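Here are my notes on this structure, set out as numbered points for someone who has not looked at it before. Please read them with the sequence and the model side by side.

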Amino acid sequence: MDLKTLQKIKPSEYADAADGYRAISDAADAARERVDKDIAKAIREANEGEAADAAQRKLRQLSDNFHYTQLECGLISGALNAFSLEIAAPQRQVLQALDEAKALSYTVHADGSVAFPADGKNELTGEDIPGGTAIGNDGMYHGPGLGPDMSGLIHPNPHQAKAQDIANRISRALREAAEIDDRYSAVLTKLKAAPGLTVDAKTWTDVATDTEALGTAAVDYLRDRLPLDRSPAERKEWWDSLSGEEHDEYKRAFPEYIGNLDGIPSAVRDEVNRENLDILIGKLSGEDGEKTKTQLDALKSIRQQLQDNVTQRLTNAGEPPMYLLGVSDEGLGRAIVSYGNPDTSRNVSAYAPGLGTALDTDFTRNDLRRAHETAVGARKYDPSSASIVWLGYDAPQLSAPGDLPTLASDTDVMSADKAKKGAPAYNSFMAGLAATNDHKDPHLVAIGHSYGSRLVGAATQEPGGIPGADDIILLGSPGTGVDKAEQLGVGKDHVFVGAAENDPVSHLPSKKEAIAGTMGFFGGGPLGAYLIGDLADQGDDDLWFGKDPASEAFGGRRFQVADGPRPLIDGQGPTPAHSNYFNPEKDPQSAANIAALVADRPELVKWDEYR
């Protein structure tokens, strides 16, 4: 990258090339859709046997090839577009500097140095003041044997300062242009397919690497053009202001940003995150480690459930469609899944899971099912309902599966730090739901289960509370961090509590009792205390994270749930009742009450007495 190159480069040609690659990406996407939805379906319906099976395998391979082409060409398009826009700035700076030099009759050399003419006589010496050459950014005068004047600060030739400024600007622009050129050259060099047509796990790992490389190279471009530091409502306005071509560019080139940006419409996030899902699976397939394997298995499970959902909806008109609203391998993993479209539904709930939750197969098996069951139940009361499971934070992890927290071994669980750190992300997501919903006044419900109720409590204490929330549901809560329902910001009559009598987590001892040395707590955690009866009769209604939400002192509305199996005694493990709130088979009353509340039908709820 030299001065001549920067002068003559045509950013529009790179933008045109980006359009061409985007057209190829779109064509590959259309071809893949035709293979998957038309050709494969027709062969499946018309043929059986080994030949038909072999044909289906070939079609899947062809579909994968088109998918790979779609993604890679989308990345190339994004890289060329970003380069086109970024390189225009230093070019503009250079052209402006050259125009100024020309107007002043200065000569700009190929290396960017600027020659300026002589100017009159030195009043002190009577000698002619010669011209010279300014070289960018070294701050020195380069004349024929003439140094600065006697002050050592001001050169006697007034042209020198102007020439130096022009030379410095040219030098800065050239350095910036060279850095931009290097970044995007490196990315485009990587964006090359290996010979042959086999798209396998290694290929998807390569796609993931390419995607990450482009995101890194284009970080300044993204900061300038994506509203990363704006509110979800402002992001929605930004997205709506873009052209269809710009939508396509951002979705193709920067899926990991668009798919996880609160305020982007849910259908767009779902479309992009399905691509992100494949890219993440490819990335993790090329890595080692227990955490990687755990997340990889979970992501594959989500992908399978998304595929199964399409099939299920063909045979069951009442089956809610799945939307993948977020996915990432950040921390312990991120996944946000909705059953029902949260933008077109009047009733939308967002459930935050708690203790021990991470992006693993337990999450994809249990937490996704809870959101699904809530959506199915709510849609019986009002078809315009959607239910979301939101894993957008690192929940506290237990020492071992099935354990309960103890002060000695589970300080992570016993601290509110995870909840407070996750609260801003939860509020941002809720603000996004409010911004993208089609209804003028949607009914938004925040649900916190277990430690997730502590996160919801923390979210209510952020400035402005939980954006758009009309109701709060607390399930199996160890406390919310506040002592009164009215402190949660939605009005105490809109705080609903489900607490099973045999759920030890909803009986966590107060810090006062723990410090006092409650035998059950220190000897065997809350389970030990529960079994010897210490916790079931706390006179002050205090739990670890504040007042018991099921108590009269807290002031919420407690609805009926089953007592549930007794820990260990009934042979179902240490916390069976803690996991049954959403389950219509194991606790039909609780599941029905939750569904009615999500559907905004509180008159159908069966209420319970306070503890």
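1. A good place to start is helix H11 (residues 290-315), which lies across E5 and strand E6 (334-339) and runs at about 165 degrees to E5. A further helix, H12 (residues 361-381), lies across E5, E6, E7, strand E8 (385-391) and E9, and its direction is at about 160 degrees to that of E8.

2. The strands under these helices belong to an open sheet of eight strands with mixed pairing, in which the order is E5-E6-E8-E7-E9-E10-E11-E14. At the edges stand strand E5 (322-328) and strand E14 (557-558), each of which pairs on one side only. As general background, the strands of a sheet pair through backbone hydrogen bonds, and they do so either parallel or antiparallel.

3. This is a predicted model, and its confidence should be kept in mind throughout. The average pLDDT of the protein is 87, and 86% of the residues score at least 70. Over residues 138-153, however, pLDDT stays under 50, and the model has 28 contacts beyond four places in sequence for this stretch. Residues 510-527 also have a pLDDT below 50, with 45 contacts in the model beyond near neighbours in sequence. Where pLDDT is low, the predicted coordinates should not be read in detail.

4. Strand E7 (residues 347-352) pairs with E9 in the parallel sense over six bridges, and E7 is also joined to E8 by five bridges, again with the two strands running parallel. Ala-350 can be followed in both directions, since its bridge partner in E8 is Ile-388, while in E9 Ala-350 stands opposite Ala-446. Together E7, H12 and E8 make a β-α-β unit that is right-handed.

5. Are the residues of E7 buried or exposed? The strand is mostly covered, with six of its six residues buried. Asn-347, Ser-349 and Tyr-351 point one way from E7, whereas Val-348, Ala-350 and Ala-352 point the other way, and all of them are buried.

6. Strand E9 (residues 443-449) is likewise mostly covered, with seven of its seven residues buried. On one side of E9 are His-443, Val-445, Ile-447 and His-449, on the other are Leu-444, Ala-446 and Gly-448, and both faces are covered.

7. Which residues stand opposite Val-445 in the neighbouring strands? Ser-349 stands opposite Val-445 of E9, and Val-445 also stands opposite Asp-471 in E10. E9 and strand E10 (residues 469-475) pair in the parallel sense over six bridges, and the chain crosses from E9 through helix H15 (residues 451-460) to E10 in a right-handed β-α-β crossover.

8. The nonpolar packing deserves a separate look. In the largest nonpolar core, which has 47 residues, Tyr-184, Leu-214, Tyr-250 and Ile-258 touch the most other members, and helix H3 (residues 50-103) gives the most to this core, with eleven residues. Leaving aside neighbours within four places in sequence, the contacts of Tyr-184 include Ala-79, Ala-82, Phe-83 and Glu-86, and also Leu-214, Ala-217, Ala-218 and Tyr-221. A second core of 41 residues is separate, and among its members are Leu-277, Val-337, Val-561 and Val-605.

Note on methods. Residues numbered from 1 in each chain as written. Predicted model: local features only at pLDDT ≥ 70, side-chain atom pairs only at ≥ 80, totals over all residues. Heavy atoms only, no water. Buried < 20%, exposed > 50% of the residue type's maximum accessible area, 1.4 Å probe, protein only. Helix = DSSP H or I, 4+ residues; strand = E, 2+ residues; numbered from the N terminus. Pairing = 2+ DSSP bridges. Right-handed = clockwise from strand over helix to strand, strands pointing away. pLDDT = per-residue confidence, 0-100. Contact = heavy atoms within 4.5 Å. Core = buried A, V, L, I, M, F, W, Y, C linked by side-chain atoms within 4.5 Å. Axes fitted to C-alpha atoms, helices over the stretch in contact; angles between N-to-C directions.
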